Amino acid sequence: MHIAVFCSGQGTNLQAIIDAVKQGDIKAELSLVVSDRSDAYALVRARENGIKTVFISPQEFDTRELFEDELLKNLEAEACELIVLAGFMRVLSPSFVKRYKNRILNIHPALLPSFKGAHGIKDALDYGVKITGPTVHFVDEEVDTGPIILQSAVAVRENDTEETLAERIHQQEHILYPQAIKLVVEGKLKIEGRKVTIQ
Ligand code: GRF
């Protein structure tokens, strides 16, 4: 299976996925890393590991559809069958998502359906929850709403700041995301409506 990873930032999840592929835990090929930001450190990580990268600048396209046409062109050139969103800060259109139905994964730093959106860690901390943690889910036509694959609990400490909590959530993400990708690659997941079961 050829996998594409979409990133906009640091790429620490990308690194965890690269490591899992290298160790043979995920039996698939990382064929492409896409970024919508030229300065994403994820691009450096990919290049250092010999993975093909492409920077697609949204500013160069008049519409999201045209931007996504460019994405599709690159995905098709590498025959990518699975898309892994790892800190990709753009929302994909419903038509793009339909085209890759149940073949796009995302990781969110809160226990969905709580604290959707771009500030999942801060929102959970501000709300005063005692337990939070990452969620890996399939991407559907809305934001952070798709069927949940795996979640992991992280206890919030009384003296946590957004930074200290983020650090522990990220540690869990780096374990959880490779596990979820492995399940998808091995065809072990059954999706019925919102429910995902491991076969
Ligand atoms: C992670 O916290 C993930 O949950 C969110 O974006 C962040 C990406 O971090 N979707 P990194 O680029 O993988 O370090």
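**Backbone, cysteines and ligand**

Visitor: Ala79 is found in the loop between α3 (64-77) and β4 (82-85); what is the phi of Ala79 in this predicted model?

Guide: Most residues other than glycine have a negative phi. Ala79 is not a glycine, and yet its phi is positive. The residue is partly exposed, with a relative accessible area of 45%. The phi of Ala79 is about 55 degrees.

Visitor: Is Asp144 buried or exposed?

Guide: Asp144 is found in the loop between β7 (135-138) and β8 (148-151), and although it is not a glycine, it has a positive phi of about 60 degrees. Buried means under 20% relative accessible area. Because the relative accessibility of Asp144 is 9%, this residue counts as buried.

Visitor: Which two residues does a cis peptide bond join?

Guide: Most peptide bonds are trans. Here, in the loop between β5 and α5 (120-127), where Pro113 is found, there is a cis bond with an omega of about 10 degrees. The residues joined by this bond are Leu112 and Pro113.

Visitor: Why is Cys7 not bonded to Cys80, and how many disulfides are counted?

Guide: A disulfide requires two cysteine sulfur atoms within 2.5 Å, whereas the cysteine sulfur closest to that of Cys7 belongs to Cys80 and lies 13 Å away, which is too far for a bond. Cys80 is likewise in no disulfide, its nearest cysteine sulfur being that of Cys7. Cys7 is buried at a relative accessible area of 0%, and Cys80 also counts as buried, at 6% relative accessibility. The number of disulfides is zero.

Visitor: Which elements each supply at least two residues of the shell around the ligand?

Guide: The ligand sits in the largest pocket, and the residues around the ligand include Thr12, Asn13, Ile107, His108, His170 and Glu173. The elements that each supply at least two residues of this shell are α1 (12-22), β5 (104-108) and α6 (162-185).

Visitor: What percentage of the ligand's exposed area does the protein bury?

Guide: Polar side-chain atoms of Thr12 and of Glu173 each lie 2.5 Å from an oxygen atom of the ligand, while a polar backbone atom of Ile107 is 2.8 Å from a nitrogen atom of the ligand. Taken alone, the ligand exposes 370 Å², and the share of this area that the protein buries is 84%.

Key: Residues are numbered from 1 along each chain as its sequence is written. This is a predicted model: local features need pLDDT of at least 70, side-chain atom pairs count only at pLDDT 80 or more; totals for chains, interfaces and linings use all residues. Side-chain values use heavy atoms; hydrogens and water are left out. Buried means under 20% relative accessible area, exposed over 50%, partly exposed in between (1.4 Å probe, protein chains only). A residue is near a molecule or strand if one of its heavy atoms lies within 4 Å of it. A polar contact is a pair of N or O atoms within 3.5 Å; within protein, one must be able to donate a hydrogen and the other to accept it, and residues adjacent in sequence count only if both atoms are side-chain atoms. Accessible areas come from the Shrake-Rupley method with a 1.4 Å probe; for residues, only the protein chains shown count as cover. On a 1 Å grid over the protein atoms alone, a cavity is a set of points where a 1.4 Å probe fits but cannot get out, and a pocket is an open set with protein on both sides within 12 Å along at least five of seven lines; lining residues have an atom within 4 Å of a point. A molecule sits in a cavity or pocket if more than half of its atoms lie within 2 Å of its grid points. Helices (H or I, at least four residues) and strands (E, at least two) are DSSP runs, numbered from the N terminus.
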